[in-house]
Amino acid sequence: MDESLNRRLHGLLDRLEAWLPPAPEAADWSRDVAAIWQRHPLGGQLVPVAARDAVRLDDLVGVDRQREALLANTRAFLAGRPANHALLWGARGSGKSSMVRALLNTLAPEGLRLIQVDRHDLAGLPALVAQLRDTEHRFIVYCDDLSFEGHDDAYKALKSVLDGTLTGPPENVLLYATSNRRHLLPESLADNADTRLVGDELHHGDAVEEKISLSDRFGLWLAFHPFNQDSYLEACRHWVAHLGGAECWSEAAREAALRHATLRGTRSGRAAWQFACQWVGSGVG
C-alpha cells in the first residue's frame, strides 16, 4: 500500500476512534449479578448493570402461587437439579417483570445471575448461550415483554435455543420470559379455519400448531390475572406502608385507592405502586 495512503487511513481511524464510546467493562460474575446482552454483527457483548431496585419476593402481594412456583423452580436450577424454562404471561401491570427482578434480588446471594435480552437481539441468542456454556455460574436469560408479530422471524432463534438444536441450552442456563400473550404470537380467527373434529378429538391446523409450539417449549407456565379488590387494596396498603410507614394507611387512603383504580380502569400491582407513590408523595397521609 502507498505509504501516503497508509498514513491518511491511520489518521482517519485515529479521528474516528475519538468519537466512539469506550468499550464496556467485561462482566465479572463474582461481583456482577446482572447484565444486558447487546448484539452486534460480530456476535455480541455483555454489559453489566446494577439492580434496578430492591424489591423482594415478599413485597409481591396477590401472586403467592406464582411466586412459590417460580422460586421452587429457580432453587432447583441453582442446586443443579432438573428445572424448566418459564413463561410468565397475563394482564399488564400484574407483577410479571417485578417477580423476575425480585427473584434476582432474593437469590443473587445463592448464586443466581441474570442476563436480559431484548426481543430485537434474539438472533444473537445462540451466540450468548454458547458464551455461557463453559462458565461456572448459573444464569437466567430473561426476555421481558416478549411477543412477536406474524411476519417476525426472531422467534425462530428462541425456539431453536429452547428445544430445537442437537445440543440445546447448557445445564447452567434457563430462559425466563414475560408476555401479555399466552402463546407469544398473535392469534386470529382465520387461524382456526383448518381446525377439525376427528371423532371426539380436536385437531388444530398448521397455523395454530406453529404458534402453540413456541410457548410449549416453556415447561413452566405461570398465569397472572387482574387483582380483585381485596388483593389490590392489600397491595396498596403494603406499598403505602413501605414508602411512608404503617400510619399512612387509613380509611381515607383506602377510599383514595379505590378512586385511583376506577380512574385508571385497572386493579393491579402497578396501579397499587403508582397510588402509593402519589399518596405518600403528596403528604396527604
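Is Phe275 buried or exposed? I would like to start there this morning, and I should say at once that what we are looking at is a predicted model, so please keep that in mind as we go through the aromatic rings. Phe275 is buried, with a relative accessible area of 1%.

Phe275 has a partner, Trp279, and the two rings form an aromatic pair that is stacked, with 5.8 Å from centre to centre and 25° between the planes. Both residues belong to helix α9, and because they are four residues apart in that helix, about one helical turn separates them. Trp279 also counts as buried, its relative accessibility being 9%.

The structure holds three aromatic pairs, and another of them is formed by Trp239 and Trp273, which meet edge-to-face, with their centres 5.0 Å apart and an angle of 85° between the planes. This pair links distant parts of the chain, since Trp239 lies in helix α7, residues 229-244, while Trp273 lies in helix α9, residues 269-282, and the two are 34 residues apart.

How do these two tryptophans stand with respect to the surface, then? Trp239 counts as buried because its relative accessibility is 11%, and the cut-off for that word is under 20%, whereas Trp273, with a relative accessible area of 35%, is partly exposed.

Finally, let me turn to a contact of another kind, in which a charge and a ring come together: the charged end of Arg138 sits over the ring of Phe77, at 4.6 Å from the centre of that ring.

Definitions and conventions
Residues are numbered from 1 along each chain as its sequence is written. This is a predicted model: local features need pLDDT of at least 70, side-chain atom pairs count only at pLDDT 80 or more; totals for chains, interfaces and linings use all residues. Side-chain values use heavy atoms; hydrogens and water are left out. Rings of Phe, Tyr and Trp (its six-membered ring) pair if their centres lie within 6.5 Å; planes under 30 degrees apart count as stacked, over 60 as edge-to-face and the rest as tilted. Buried means under 20% relative accessible area, exposed over 50%, partly exposed in between (1.4 Å probe, protein chains only). A charge sits over a ring if NZ of Lys or CZ of Arg is within 6 Å of the ring centre and within 35 degrees of the ring normal.
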